[in-house]
Amino acid sequence: MTKQQANWSPYDNNGGSCVAIAGRDYCVIAADTRMSTGYSILTRDYSKISKLADKAVLASSGFQADIKALQKHLAARHLIYQHQHNKQMSCPAMAQLLSNTLYYKRFFPYYAFNVLGGLDSEGKGCVFTYDAVGSYERVGYSAQGSGSTLIMPFLDNQLKSPSPLLLPAQDAVTPLSELEAIDLVKTVFVSATERDIYTGDKVEIVILNAEGLRREFMDLRKD
Amino acid sequence: MFRNQYDTDVTTWSPAGRLFQVEYAMEAVKQGSAAIGLRSRTHVVLACVNKANNELSSHQKKIFKVDDHIGVAIAGLTADGRVLSRYMRSECINHAFTYESPLPVGRLVVQLADKAQVCTQRSWKRPYGVGLLVAGLDESGAHLYYNCPSGNYFEYQAFAIGSRSQAAKTYLERRFEKFMDSSRDDLVKDALIAIRETLQGERLTSNICTVAVVGVGEPFHILDQNTVQQLIDAFEIVAEEEPPAAEAGDAADQETAAGEGAPAEEGAAPMDI
């Protein structure tokens, strides 16, 4: 008697890569716009980025149906917060809410690999990176999704600060300017597109700074 | 209202076929400070009088944003009003989550009315002691509803509730036929004048009233104090009834009386929540 195997999976992976970089007074959040299933492309124009609050932007890769449900859930919770507190949620507050929401489904997880980017209460850039069940950490930069294994080592090479054990204490946020960071993101996506079949078509870049939110697009290889 | 042997329980009918507890709850609405609403084809305006218990305390919040397209003004037991506002917000959020579209106002008021009715038919509950003026916009246009503690609701072109609301109602009755085609600004002006009617001669300043607007292309929001004061100053003519002050000569002056009144009251401005 062999054990019965599942003949159906509730999950699918729609691919794609997400990146976020925190700067001194800005945050860059980027994701490609390709949505795929298996070896097929479903669409070349799907946004994986969602603005949760004025200062908190979420980029998620994985199973987009779960991601859509997760985004709707967070948006509803944010509305309740605004009614109760008469103000928008801060990025660190949204980070904790996202973590709790993910862990709530610890035993039937959201198949979502998230990167949350935004500005903290001092106006400095902040990036939070997650696993599927809500474990999170504030970092200076992060990549998630199908191209993350290609992107992360490159970001480490360009952005990684020296050991936190060294004194004087170094900030995790990059000293790069906003334009340099955007350029780095574009470079990173072009490279990932070369070797990751699930990343390509276009990259959507969202830049959050004191002036507000700005969006840029750049074409990528479509093969 | 007389006390009698049929008014102890909300579940006891009187021989005349009345539920006295429900009627007593409506009395509570009449005791609250005034709230008025009026609407045109494209906009709805809510305004209310904010009376603080004493100079030291802040005034009660009587206008609540329920969603981008719905707001509510309350009169009566404001605690009950707060709870019902929370319910309304929750219903709007849940509807938008499921249907990706705003909850139509007519549906919301029915849900609210049904909730109020439950409290008129349970021996362990009491009716909500608050009247709600629900202002909202949906696909079928701009709406103003009034929800009673009894569980009844009606749609209105313009309405006023709370203490001394009859004065406002009289003013609105004279003018309501023009409201449908009024501009947004005229509607706000009419709202402020209606509020002034309930003050029985007391000076109207932005400190003691709150105004909120919702309309086509304009999400529900409460107007800030400065804007309201400017609107009041624009239509406020010479103060006819000066308070009998010791300096008879100065008090008899023109617009300067209005100018002097505002700075003096700024010190006692209620706290913003």
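**Annotated stretch, chain B**

I started with the UniProt record, an unreviewed entry, which places "domain: Proteasome alpha-type subunits" on residues 6-28 of chain B. I kept in mind that this is a predicted model. I then checked the secondary structure of residues 6-28 of chain B and found 39% helix and 0% strand. I also took the distance between the end C-alpha atoms of that stretch, which is 19 Å.

**Interface of chain A and chain B**

I next looked at how the two chains meet. I listed the contacts and got seven residues of chain A against seven residues of chain B. I noted that the size of an interface is often given as the accessible area lost when the parts come together. I therefore looked up that area for chain A and chain B, and the two bury about 710 Å² between them. Of this buried area, 61% is on carbon and sulfur atoms.

I then asked how many salt bridges the rule finds across the interface of chain A and chain B. The count is one. I looked up a salt bridge between the side chains of K72(A) and E100(B), with 3.0 Å from N to O.

**Cavity**

I searched for enclosed space and recorded one cavity of 30 Å³ or more. I put the space in the largest cavity at about 60 Å³. I went through its lining and wrote down L84(B), L112(B), A113(B), A116(B), Y128(B), V130(B), L132(B), N147(B), C148(B) and P149(B). I mapped the lining onto elements: α3 (105-118) and β5 (130-138) of chain B are the ones that give two or more residues. I noted that α3(B) gives the most, with three residues.

Last, I asked how the lining residues divide into nonpolar, polar and charged. I sorted them into nine nonpolar, one polar and no charged.

Note on methods. Residues numbered from 1 in each chain as written. Chains lettered and ligands numbered in written order. Predicted model: local features only at pLDDT ≥ 70, side-chain atom pairs only at ≥ 80, totals over all residues. Heavy atoms only, no water. 1 Å grid on protein atoms, 1.4 Å probe; cavity = no way out; pocket = protein on both sides within 12 Å on 5 of 7 lines; lining within 4 Å. Points joined across faces, edges and corners; volume = space filled by probe spheres on them. Helix = DSSP H or I, 4+ residues; strand = E, 2+ residues; numbered from the N terminus. Nonpolar A, V, L, I, M, F, W, Y, C, P; charged D, E, K, R; others polar. UniProt positions renumbered as here; feature names shortened; annotations may be inferred. Contact = heavy atoms within 4.5 Å. Buried area = accessible area lost by both parts, 1.4 Å probe. Salt bridge = Lys/Arg side-chain N within 4 Å of Asp/Glu carboxyl O.
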